[in-house]
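Student: Got a minute to go through this model with me? I'd like to talk about the sheets first and then whatever else turns up.

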Amino acid sequence: MACLLRNIMTPTYQRCTALTRALTISKSLQSTAKVSADSDQRLLVSDSCIKRLKEICQDGSFLRITVEGGGCSGFQYKFDLDSKLNEDDLQFGKEEAKVVIDNVSLEYCNGATVDYHTELIRSGFRMLANPKAEQGCSCGSSFAIKLD
């Protein structure tokens with residue numbers, strides 16, 4: 001029942017609250033994160049993420065993060081390289097290593113840290129310490145929202 005309520009109510013509630021919030025400037029754990037305007041919304045960007053983005057985004061592209069319904073825990077992160085900014089996009093990180101996320105997706109991961117992780121069997125971008133996530137799957141790409 002809780003899962004059904006979460007899937008029905010959370011997207012509607014999150015879209016409404018996303019439109020009413022302002023934008024702010026905040027700092028990441030290890031490096032400065034930039035926001036396009038003032039607000040209480042933030043996304044932290046680790047040094048390893050900035051380093052990797054500088055290597056792969058030399059043509060003006062940036063990392064786009066989207067939160068979608070799906071995955072084994074209800075919501076999943078999607079990481080893409082993009083070069084087109086939309087009206088509702090917020091920018092974080094440094095100019096040569098930007099991370100972009102839309103307002104609605106940021107509501108699901110506000111305060112989290114974007115990291116680049118390398119291990120023997122895989123490497124890739126990931127979200128760490130998402131204060132909005134209650135639980136996640138073992139692969140780290142999907143999560144469930146905390147219900148307040």
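**Sheets, a pocket and a few loops**

Tutor: Sure, and keep in mind that this is a predicted model. Let's start with a hairpin: S8 and S9 make one, with four residues between the two strands.

Student: How many bridges pair S8 and S9, and in which sense, parallel or antiparallel?

Tutor: Six bridges, and the sense is antiparallel. One pair to look at is Thr118, which stands opposite Ser123 in S9.

Student: Which open sheet has S8 and S9 in it?

Tutor: An open sheet of three strands, ordered S3-S8-S9, with mixed pairing. S3 (44-45) and S9 are the edge strands with a single partner strand each, so each has one side without a neighbour in the sheet.

Student: And how does S3 pair with S8?

Tutor: In the parallel sense, over two bridges, with S8 covering residues 113-118. Val45 has Val114 in S8 as its bridge partner. Helix H2 (residues 47-56) packs on this sheet and touches S3, S8 and S9. The direction of H2 makes about 70° with that of S8.

Student: OK, other sheet. What's the strand order in the six-strand one?

Tutor: S6-S7-S4-S5-S11-S10, again an open sheet with mixed pairing. Its edges are S6 (89-94) and S10; each of them has a single partner strand, so one side of each lacks a neighbour in the sheet.

Student: How much are neighbouring strands of this sheet turned against each other?

Tutor: By 35° on average, if you ignore direction. H2 packs on this sheet too, touching S4 (62-70), S5 (74-82), S6 and S7. Here the direction of H2 makes about 105° with that of S7.

Student: What about S6 and S7 as a pair?

Tutor: They're antiparallel, with six bridges, and S7 spans residues 97-102. Gly93 has Lys98 in S7 as its bridge partner.

Student: What holds paired strands together in general?

Tutor: Backbone hydrogen bonds, in either a parallel or an antiparallel arrangement.

Student: Then S10 and S11: how many bridges join them?

Tutor: Three, and the two strands run antiparallel. Gly136 stands opposite Phe143 in S11. S10 and S11 form a hairpin with five residues between the strands, and Gly140 there takes a positive phi near 85°.

Student: Switching topic. Which residues lie nearest the centre of the second largest pocket?

Tutor: Tyr77, Met127, Gly136, Gly140 and Ser142, out of 16 lining residues. So you meet Gly136, the one opposite Phe143, and Gly140, the one with the positive phi, again in this pocket.

Student: How much space is in the second largest pocket, and which strands supply its lining?

Tutor: The space is about 200 Å³. S9 (123-128), S10 (133-136) and S11 (142-145) each supply at least two lining residues.

Student: And how do the lining residues divide into nonpolar, polar and charged?

Tutor: Eight nonpolar, six polar and two charged.

Student: Now the loops. Where is Cys109, and is it buried or exposed?

Tutor: Cys109 is in the loop between helix H3 (103-107) and S8. With a relative accessible area of 0%, Cys109 is buried. Leaving out residues up to four places away in sequence, Cys109 touches Arg42, Leu43, Val67, Tyr77, Ile101, Met127, Asn130 and Lys132. Cys109 and Ala133 are 24 residues apart along the chain, with their C-alpha atoms 7.5 Å apart.

Student: Which of those contacts also lie nearest the centre of the second largest pocket?

Tutor: Tyr77 and Met127 appear in both places.

Student: What's the phi of Ala129?

Tutor: Near 50°, a positive value in a residue other than glycine. Ala129 sits in the loop between S9 and S10.

Student: Why does Ala129 count as exposed?

Tutor: Because its relative accessibility is 64%, and the cut-off for exposed is over 50%.

Student: Last one, Leu85. Where is it, and what does it touch?

Tutor: Leu85 is in the loop between S5 and S6. Not counting residues up to four places away in sequence, Leu85 touches Phe62, Arg64, Gln91 and Val100. At 38% relative accessibility, Leu85 counts as partly exposed. From Leu85 to Ile101 is 16 residues in sequence and 9.5 Å in space, C-alpha to C-alpha.

Key
Residues are numbered from 1 along each chain as its sequence is written. This is a predicted model: local features need pLDDT of at least 70, side-chain atom pairs count only at pLDDT 80 or more; totals for chains, interfaces and linings use all residues. Side-chain values use heavy atoms; hydrogens and water are left out. On a 1 Å grid over the protein atoms alone, a cavity is a set of points where a 1.4 Å probe fits but cannot get out, and a pocket is an open set with protein on both sides within 12 Å along at least five of seven lines; lining residues have an atom within 4 Å of a point. Grid points are joined across faces, edges and corners, and a volume is the space filled by probe spheres set on the points. Ala, Val, Leu, Ile, Met, Phe, Trp, Tyr, Cys and Pro count as nonpolar, Asp, Glu, Lys and Arg as charged, and the others, Gly among them, as polar. Two strands pair if DSSP finds at least two bridges between them. Contact means heavy atoms within 4.5 Å. Axes are lines fitted to C-alpha atoms, for helices over the stretch in contact, and angles run from 0 to 180 degrees between N-to-C directions. Buried means under 20% relative accessible area, exposed over 50%, partly exposed in between (1.4 Å probe, protein chains only).
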